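Trainee: Could you take me through a close look at one helix and what surrounds it? I would like to follow it step by step.

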Amino acid sequence: MQPLPPNAPPRIGDFTLLAALGRGAMGSVYLARSPGGRPVAVKVARAELADNPQFRERFRREVEMARSVGGFWTATVVGADPDADRPWMATEYVPGPTLQQAVQDFGPLPERAVRRLAGGLAEALAAIHGAGLVHRDLKPSNVLLANDGPRVIDFGIARALEHSALTEAGIVFGTPGYLSPEQVVGSAIGPHSDVFALGSVLVFAATGAGPFGEGATSALVYRVVHQEPDLTRVPPGLVPLIVPCLVRDPANRPTPARLLELIGPPSTEPSWLPAQVRTLVEQRHTELRELPAKPPTRLLAEERKPPTRLLVEDPPPAPAPSAAPVRVAPGGPIRPYTPPLPKSGARFRTSRVVGLGWMAAHGSAAALCGLIADRSSQAAAGVRVAAGIAFVVFLLLAVRLLVDALRRPLAVEIGPDGLTLSSGEEKRRLPWYAISRVKVDGQGARPWVTVWLVGAAKVPETLGRGSFQTHKGGVRVYPVSHERYRKRRERDVAEVRSALAWYAPTAYDPK
C-alpha cells in the first residue's frame, strides 16, 4: 500500500480513504475504513468510464449480481454506487498478497498448497456461477492469499467493462495466457471458460509460468487455440487435476463441483501457505493495525508543486528558512532549478550533441592514426601496423556514432495521464491505467524507463532505438541519456525518477 495521491478524495460514500492500493483496468483501488472500522477495498471507475451510459448500466447489473455471491473464498461486496459521479464498488479487504506477487517473490507453491488453492478457487467459482455470474478474468493477480485460504476478487468487473471506452484504448478483456479458446475466437462464454482459467492459474502456482508460456499477445492467443499446454514442470500428482481443465472443448471440462471431488478432502495441517508467504501476510496484518483511523493531513498546495528540472550549469540555490519541502528521489536529493516544468508534465529527450562530439573525437583519432600509419611517416614498421589497426577501429566507431547521432531523437513526456514517447511526428502513448508498474531499470551507462502493463494492455509498436521491446517481463520505453557522460546521465535519471514518483505515485517502483 502507498500514501494517497494528492488528487484522491478523502471519502467515497461512507468509507474513509486511508491508502492507495493500485490501479487496474477499471480505475483506482484504495484501502478505506467503514464507519464501524472495517477495512475495505474501494474500486473507483475512471472518469471516461463514468461518461459511458453502457458502462454504468452494465456496472449496475454486475454489482447487483456480485452482491448475491456467497461462499468462503470470494471477497464480499459491502457497498457500491453506480450512480455516483465516478461509479465505485467496495469489497472486503484481504490483507494478503496476490498469487502473482507471492510466486514472483518466493517461487512456485508446494504441491499441497496448490491443492488447497485449487479447492478454494473451485468453491469460489461454484459460488460465482451459482449467482449467475461468469468471472471472465480469473488470473494470478485476481487471487489473494489469506491465512485461511484464497480469495477471488473482481468477479463481474470484466463484464461491466465490455464495450466501454476501454475498447478504444486498445485494451482487450481477459488476460492472454489465461483466456479460454472460446474467448479468443469470440464464441459463447460460460462457466466452463472460468474452469479453463482455473487450470492455467494452477499451472502458474505450481511452476511460476503459465501453461502457454510468455510473449506477445498474438503469440499467446495462438498457442491457446492451436497448441497443447506445457505441463512438463507440473508435479505429477497435480497433472490429473489440471489436464481436464485445459481441454479445448468447453463441454468436456469438469464443473467446479466435479473438481472438488477430484481434489478430495483438504489437508488438516494448520497452515497451507509456505513460511515466507505467511510472514508477508502477517506483515500486511501489522500494517493494517498500524494505520491511523483517519488519513494523514494532506500536503499544503505549495508543497504539491510538480518536480522541477535540474540545470547542470546552475549552482545550488541557498536554502530559504521558509522554503517548502523539496521532493527526494531514490538515490539522493534533487535540488530544484529553473525554469520549472509545465504543470502538464515533464519532458525528456535524447541528445545529438554528445554523440556528434564523440564522433568528432574518434574521427580525429582515426586521422592521427592514419598519418602515423602512412608509409611516408618516419615511424617504425611495427608502429605503423599498430596505427593502421587503430585507424580502422576509430574510423568504424566514428561512423557508428555518426549514424546514431543522425537518427531522429526520442522524447518522452511524463505527465498526469501517462507516458508519451515521440520521434518526429510519430507518437506512442501509454496511459497510467494501462501500467501496473514503472521504474528506471538498469545501471551504469544503459538505464531505461521500463513499464509492466496490466494483463490486457497491448505493447505499442517500436519507434526505434530499442523502444517498446520486452525485457525481463516488462517493456522498455525510453533510454535515459545513454549518449551522455556519466554525471549528466545520473542527474537525468534522478529527474526522470522524480517525475515518475510525482505523476505515477501508485505505479512507480523506486527499486
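Mentor: Happy to! Let's start with a definition: a helix here is a DSSP run of H or I with at least four residues, and helices are numbered from the N terminus. Keep in mind that this is a predicted model.

Our part is helix H10, which covers residues 256-263. Which of its residues are buried? They are Pro256, Leu259 and Ile263. Buried means under 20% relative accessible area. Now imagine looking down the axis of H10: its buried residues fall within an arc of 50°, so they line one face of the helix.

What do these buried residues pack against? Their partners are three helices: H4 (111-130), H7 (191-207) and H9 (239-242). Just after H10 comes Gly264, and this glycine takes a positive phi of about 85°.

Once you have found H10, try the same way of reading on other parts of the model. Cys245 is buried, with a relative accessible area of 0%. Cys369 is buried too, at 13%, which is under the 20% cut-off. A search of the whole structure for disulfides finds zero.

For a look at strands, go to S5 (residues 77-81) and S6 (residues 88-92), which run antiparallel and are joined by four bridges. These two strands form a hairpin, with six residues between them. One pair to pick out is Ala80, whose bridge partner in S6 is Met89.

Notes. Residues numbered from 1 in each chain as written. Predicted model: local features only at pLDDT ≥ 70, side-chain atom pairs only at ≥ 80, totals over all residues. Heavy atoms only, no water. Pairing = 2+ DSSP bridges. Buried < 20%, exposed > 50% of the residue type's maximum accessible area, 1.4 Å probe, protein only. Arc of directions from axis to C-beta. Contact = heavy atoms within 4.5 Å. Disulfide = S-S within 2.5 Å.
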